[in-house]
Each structure stands twice: as C-alpha cells, then as structure tokens.
Amino acid sequence: MSQILKICEQTDLVANSGICAIAEGQQIALFYLPKETPLVYAIGNWDPIGKANVLSRGMVGDINQRLVVASPLYKQHFDLQTGNCIEDSAISVPVYHVELAGDEVLVTL
Amino acid sequence: MLNVVVIGNGMVGHHYVEQLAASPIDTQITVIGGETRPAYDRVHLSEYFAGRSPEDLALTSREHYIEIGVEAHFGDPVFRIDRHNKNVITQAGRQFSYDKLVLATGSYPFVPSVPGRDHDSCLVYRTIDDLGSIKAQADEAHIGVVIGGGLLGLEAANALQNLGLETHVVEFAPGLMGVQLDTGGSGMLRRKIEALGVKVHTSKVTEVIEATKDSDTRLLLKFADGDCLATDVVVFSAGIRPFDQLALDADLKLGDRGGIEIDYHCKTSDSDIFAIGECASLGGRIFGLVAPGYRMAEAAVSQLGDDKQSFQGADMSTKLKLLGVDVGSIGDAHGTEEGAIAYTFSDERIEVYKRLIVSANGKTLLGAVLVGDCSDYDTLLQYYLNGIDLPTDPETLILPYNAGATPALGASVLPATAIICSCHNVSKGDIVEAMDAGYLALGDVKVETKASTGCGGCAALLKNIVDDQLSERGLEVDTAICEHFSYTRQELFHLIKVGNIESFDELLDKYGSGRGCDICKPTVGSILASLWNDYVLKEKHVGLQDTNDTFLANMQKNGTYSVVPRIAGGEITPDKLIVLGEVAKKYNLYTKITGAQRVDLFGARVQQLPSIWKELVDAGFETGHAYGKALRTVKSCVGSTWCRYGVQDSVAMALYVENRYKGLRSPHKLKSAVSGCTRECAEAQSKDFGIIATENGWNLFVCGNGGMKPRHADLFATDLDDETLIKYIDRFLMFYVRTADRLQRTSVWMENLEGGLDYLKQVVIEDSLGIATELEEQMNNIVGTYQCEWKRTIENPERLKRFVQFVNTDAEDDQIVFVQERGQPRPATEAERLELSKATA
C-alpha cells in the first residue's frame, strides 16, 4: 500500500542543490530546481557504488538533457527522474514521487 | 651472469649503466669513477655559478645505484688494466675482474705548455671541483682571462662574468669558434659578446704567464707580439684531449689523432673491451658532444644482447646560447665542398648573421651558420639531415619575413625517420606512432615520447607535427570544457573577466546551453572566486560547489568528513597542539600527521562540523582549504633560527608566503615550500613553487610536483630579495590562474605553453606581455579581501542550516559505523558493518 507522507517544509529545500530527509526509516535525497518542471525530485540517498549515504550532497546538472546528480564519492551520475546510473545501466537507485503542497513537501512511499 | 666493469662515471658512462641495468641482459655491473661524486650534468655546468648546487646538477646518486643493484666506487681511479687476467687495478690497489670492460674515461682539458701555467690562479674548466677552485680564486679578484675562444672557452667566460670579474677571452686563431663558424659569423659573435662587456683578443699567442709583485693584479700574460695583459685569474679552455692513457698502457689500438679506436660496435682492438664517449675514436673522429656519446652507450649495451645496433658516427650540428647569444652551426659551415654556393644575410643593426651553404645544383643544404637568431635552426637542420629538396630560392629560408621569407618547413614533408628531438632521439615516426596509440594532445605526446623534454629546442617543430597530424586525421582538438560550454577554462576566464560576470547563471545565459554539470559548475565557481574572491557559500554560488566546498571539509569514503586547520609553515604552539588533541578526543576523530606538515582529523559527521570548527576558530585556527583547489600549504624547514646550516629564516618566509596566498582559488591545488639552505630539507623542488635560501637571498623554483607523476621544479630566478621574490610569485601564480586549463597542474601548464620555461620567464621577469602590473594588482586585491570561510560560516545561522544529516530529524546516519584500530576509530568495512548490524538486530 502506498502512502503519502509530509517529509519536510519547502523552506528546508535548497535551490539548485540537495538535502536529505528520513521517511519510514528510508533516507531520501531531495533536489529543488526552481527553473525546472517539476520543481522537486526525490531519489534514494544511498550511493550503491560508493556504498554510503551521500547522494543528497552531490552536484546537480544535466547530461544529454537528462537531469542528473553526480555522486560526490566517485562522480557517477544518477538520473533524477528514473534513478538510472548513466555510467552503468545495471545500477539504479530508488525514485520517489514527490510534490509541493503549499509549504509542505509530500512524498509517496 | 656477465660481469661488466665500467671505468668512468661521466654523463656517457652513467647513461651506459642506466641502459644496461634497465635491459633484460643478466649482468653484475661495477662502476669505478675517478671523481669523488657520481655522474652529473656537465652540459649545464655553468649554471653552478647561477646558483645551482652540485646536488642540482647530479644525474644519479650512490643510493640510486644501490637500488638498481649496481656496485659503484668513487674517488679511486683505475690505475691499470690487466687484459691477460681480465681485471682492473685501482690506484688504491683494489682489483676488479671483468668479463666485459667498458672505457668511458672521457677527456681532460688541454693546457698549452706556457711557462707559468702552474700558478695557483691558473685553472681549468671541466669538473665541479674545477668550478669550486675557480670560485675560490675569483674571490677578491677583479680580472679573469680565458685562454681559448672556442665553445668551451666562451662557456668559461660566461662563468667568469657571472662571478663578477672583468672578463677577457684570448684566442690564438683570428676568430672565435673557428670550428663551428665562418669568418662572418665569428665576427658577428665577437661584436655581440663585446657589447656584453667581454673583451676579446684574437691572433694572440701567450708566451709566458708571470706572477707579479707590487701590482694590483696577480698575473701578467705576455703575448708573442709583445702585448701584455694583466689579470688575477687564468682559465685554460683551449680544447679537450681524450683520456686514453689507460688504453695505451694496456696496448689497445689508438686512433691517428688520439682516442681509443673503436669499430661500429664500439669495440676496441680487444673484443672484450668497449670504449664510448669522448675517449673513443671512430675512423679518426672524436665526438665531443653528449648526444653521440649516448648513442655510443646504447650501441655498446646492445652488443651484449641479441638486437645488436651499430654506431656509425653522428651529426655534429649544434645550437646553443653562449653568454646569452644564440649560435647555431649545421654541417659544413665553411663551405669546403667543391662548387658549394653560399647565401649570406647580415643585419648589423639587430646584430643577426645567417649563412647557408648549398650544393652546386642548388638543391641540397650542406651547412649553415646562425648568430644572434636561431629561430631557423630546426627547419634548416631538418633540410640538412633528411636531404629534403630546397625551395627554388633558398635564400628565402634565412630572410626576414618582410623580405619574402618562406614559412617554417611544413611538418608534412618530413620523412618518418626525421629526428625531431635529438636529446631523446625521438623521430617523427615515434610521434606519429604515439598519436596512433591515442595520445593526441601535445602534452600527452611529450610524456609518451619524451620529445621536447630535454633542451626544449624542438618545441615549436613538435607542435607543428602534432597539429599537422591532427588535421591529417580530420581532427580538431576539442577544447570545450563540457557539453554546456564550448570554451576552454582560459576562454571562460576571459569572458567572465571582460564581461564582469558575477554568477554562473549569467554566464550560462550568455555563453552556454543546458543547465550545467559537475564539470563546468565548480570550474566557473573557482574562476569567480579567483576573480572576485566572493564568499563561496553565498546563495547564488551554492549550486556551484561540490560537497567539499559546500561543507568546507573533505568527504571520506563513508560519507564523513576530514577537518584540516591551517598550520602555516608547519609551525604550531603547544597550546594549539593541545586544542587539536582535545577536539579530536571530544569528537572521537582519527588523527594523522600529513605530508604537508599539518594534522588531519578524520571521521566528523556533517552535523558535527560547525561545533568542531567553532572550538578551533575560538582557539585561533583558520580553515586550511584542504577541500579546495587552492593554495594548500607552504612547508618549511626550521631555517637559520635553529639549524646550524641554515642561511635564511625559512619559517618566517613560509609563514609570510602561506598567509599571503592562503585561499587563492586555482585550477588545481597548489603547494609550496621554503628551505633554509641548499640541503633542501623542505623539498621545495617538488612543489608548484619552491623557495630555497642562498647566502644572497632566495632562489625560486617553479612547476614541480610530487604525486603520481613526480616532476622536479625548474630553477626560475636566483638570489632574489624578499620583495622581488614575492613580486615574481604574485605574477607567476596569477598568470597560472588566468591561463591554465581545468585541473591542470603548473608543470603540465608550463609544458603546454609555447616556449615553455623561457616564455614564462619572459612574461614574469621581463614583462613581455605588459601585464605584470595587472597581475600584481589582481593578486593584491585577492590578498586584501581574504576571509576565513569557516569563521564566516559559524557566524551565520542561515548558512549553518545546511550542516544537518536530515532536515526532519536529529537522528544520525546509522550506516556510518566505526571500529577501533591501533587505539583510534576507522570506518568499518562493508563486512564488518553487516556483521555489526546483524548483532544489534
């Protein structure tokens, strides 16, 4: 059963960068990109290659028009919309549906 | 196993040992050197007077020989060769038996038999010890005379001038450098060096050297024509003679004009004995240059293996700088071949002389002389060595551009066998091969082939070949930094500076496409910091920083950070050292002393960073910028304050330099060091810029680095006072920050500058681009606006909001697990982590 949870406030988000929040014991990396549609993206915080909870601290950008975050450990890129690793198609991270409702950030788990 | 004994440890003898030791041939090598020190660079001997120490000139060391398994003995010359029993006996009576013997005994200076030549102030110019004697005799002397106006004589004259003596050159022939230059070239050379203050006396035969009493000077030279010349010091440099006495005593065959006779395989008349370098004579010729000596060494090594190579003589063309004057000589400089045609260009205003000797049919270049301008040397040498057909009007090769000169020889007409770099024997074919293997960038080709890494004289030609090969392959070098900007870092720097651009978005809107990425964002962030020194955590720059810059700490493999406070120059008070210990203990951090004379504290969680730094800042620490592409550290030795050998206060200088440049954002991290004397305990020559104290000030070295591809720094300027030193470093660093590529270290940057070190000297020392003032102002601006990023951060609650693990809870990341090792925490391995979480579950 999927459920919609308030994970944090919009003011917790940092423009053009990432933050991390916990929901139901899962670490979720949230990226706020004011120039994009949608505005907010959510993927798992665990870097399956570097094996640490760091993706929220990576840099965001685009590669061939795909929005990505670069792992701060070994610099692989993960697609913010699909979770796929650009460098290794066998690897991916979870993607969560996320939306802004007023001042609240809601995640579907 | 073959027992090989090498007599002589000069440049050629050393090259032989290196080549043999690196070959697969199973040998035990024994080296016996007559001098007390291992091989050194004799070609650059005169730099000893410009501040290079014997250690700087060394090509090897006793330790290195031990490492490669070579037995070496110095200071006990060989006295006799016993061919019958196949052993050699030294002066001290030691015996070494051999299977193969190599004679690399070199040569000695020829001293004409002039009465009075044994006076204490009559010297020769050949070894480092000779230089020491010259220096000692020059002390309290005013005038120095060199007897001999050849190549070596002019080198010696340069040395005397560097020592501050009024310098005279005495030559018995009518002109200088008679072997390499024709009359016209010789005349122009004389004119030029006389303008530099050297007094030249030609057609002078010295008959006697008298010691004088009751005079201001020590000696009086009397010439055959009745003239006299008063002087304090005399240096004989009238040619060299091969050291062939050992061979003669052992009944080996000598050449007609001396030297040990060898065949194409460098074998002497005894097939177990080889001779190489200046002591050897091939067909009556002696090769007194280092490159042919190296080729002989390689040929001699190959005789012990399966792939036997021969040495059939070598081209003796030379290009060099004598007393700062460019001189080049190719092939038959005198035009002795029958029917040869000469073309001469001479411009007395700019003091340039050029002469071509061409075959009777006008098609082939036979020789050339260049004085005052050697820019055509490489092209002419290629015509000469490869027998390339000359253009219809050969004179266009030496005429100035405005008089209808032809451009430099196109790289495409050179055959694959053309030797481009004679220092490392790299042919055009080798370069093409490296490019075929995927090394397409100029810098990579240099590293792969070693081309242009010796004297650097072939740099322009090498670039032509690389460019020509690229266009032949239909390639253009893609210098774009990433898919968002089709510009190099240097171009972006200019765009930002000229357009006064202050943010990434502004730059992207005007010159880029897409949204940016983890390549271009930090690059632009660094340029903005270099240019405007804006606080890196300002909101508009937030997205430009990678995690290390965002959290002002270095992320480690488990997602925690290391903390590195600045310990300028490696100097720290006991109180501050105690604070570091207390903070590490309180937050359970792993501590380690780094190679940069600092203390790293590892294992801080992101949310701990502000309180850790608050304690450090309160105790007077500043950020060490270990997270940034910035100036890291200026290492120092303890210097003259404590050390018995120190000649300057290296710690004070290191503190000044580190505090001046701390936080300077640059294309790559920057390191520096200051040594208080020539013993170089701070390892300044392995840094981007290194400073070594001399008795008169400071020597500046640039573009060295340690790490994966270590590189010794190059000597940049000598005996600088404090103010000039800082001025040069300001200009050097700012020029680097402006023009280097992303993640390009200073060494690679310099190798990619057309003109290399010389060009860099022109820009920094001579201000050839006229930008020195601007560079200094820019640096002063950055120095003046310095701020400690950690101090700013802990004072700003808005900024501190970022330093949390989770925005919605105070919980800790349960995947960060430590175990104890040697009394300190370390990250758990994956297996340990799984084991531990099983235990708790």
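In β6 of chain B, Gln95(B) is the bridge partner of Ile89(B). The two strands involved, β5 (residues 87-90) of chain B and β6(B), pair in the antiparallel sense. Three bridges make up this pairing. In this predicted model, β5 and β6 belong to an open sheet of three strands in chain B. The strand order is β4-β5-β6, and the pairing is antiparallel. β4 (78-82) and β6 (95-97) of chain B each have a single partner strand, so they stand at the edges and one side of each lacks a neighbour in the sheet. From one strand to the next, the twist averages 20 degrees.

Chain B as a whole combines 26 helices with 38 strands. Of its 841 residues, 46% count as buried. Contacts between residues at least 6 apart in sequence were also examined for chain B, and 60% of them join residues at least 24 apart. The mean pLDDT of chain B is 89. A value of 70 or more is reached by 97% of the residues in chain B. For the model, ipTM is 0.93 and pTM is 0.56.

Chain A contains zero helices and 11 strands. Its pattern along the sequence is accordingly β-β-β-β-β-β-β-β-β-β-β. Chain A has 109 residues, and 47% of them count as buried. Among contacts in chain A between residues at least 6 apart in sequence, 42% join residues at least 24 apart.

The two chains touch each other. On chain A, 24 residues are in contact with 24 residues of chain B. Four elements of chain A give two or more residues to this side: β1 (4-9), β2 (17-23), β6 (52-53) and β7 (59-63). By class, the side of chain A that touches chain B has 15 nonpolar residues. Four polar and five charged residues are also present on that side.

Backbone geometry was then examined for exceptions. Most residues other than glycine have a negative phi, and most peptide bonds are trans. In chain A, the peptide bond from Thr37(A) to Pro38(A) is cis. Its omega is near -10 degrees. Pro38(A) is found in the loop between β3 (26-32) and β4 (40-44) of chain A.

In chain B, Asn588(B) is not a glycine, yet it has a positive phi of about 55 degrees. Asn588(B) sits in the loop between α17 (574-586) and β30 (590-593) of chain B. Asn588(B) counts as partly exposed because it has 13 C-beta neighbours inside 10 Å.

Glu680(B) also has a positive phi, near 60 degrees, and is a residue other than glycine. The loop that holds Glu680(B) runs between β33 (670-675) and β34 (689-694) of chain B. Is Glu680(B) buried or exposed? Glu680(B) has 20 other C-beta atoms within 10 Å, so it is buried. A residue counts as buried from 20 such atoms upward, so Glu680(B) meets the cut-off. Asn588(B), with 13 C-beta neighbours, falls in the partly exposed range because that range lies between the exposed limit of 12 or fewer and the buried limit of 20 or more.

Definitions and conventions:
Residues numbered from 1 in each chain as written. Chains lettered and ligands numbered in written order. Predicted model: local features only at pLDDT ≥ 70, side-chain atom pairs only at ≥ 80, totals over all residues. Contact = placed C-beta atoms within 7 Å. Nonpolar A, V, L, I, M, F, W, Y, C, P; charged D, E, K, R; others polar. pLDDT = per-residue confidence, 0-100. Pairing = 2+ DSSP bridges. Axes fitted to C-alpha atoms, helices over the stretch in contact; angles between N-to-C directions.
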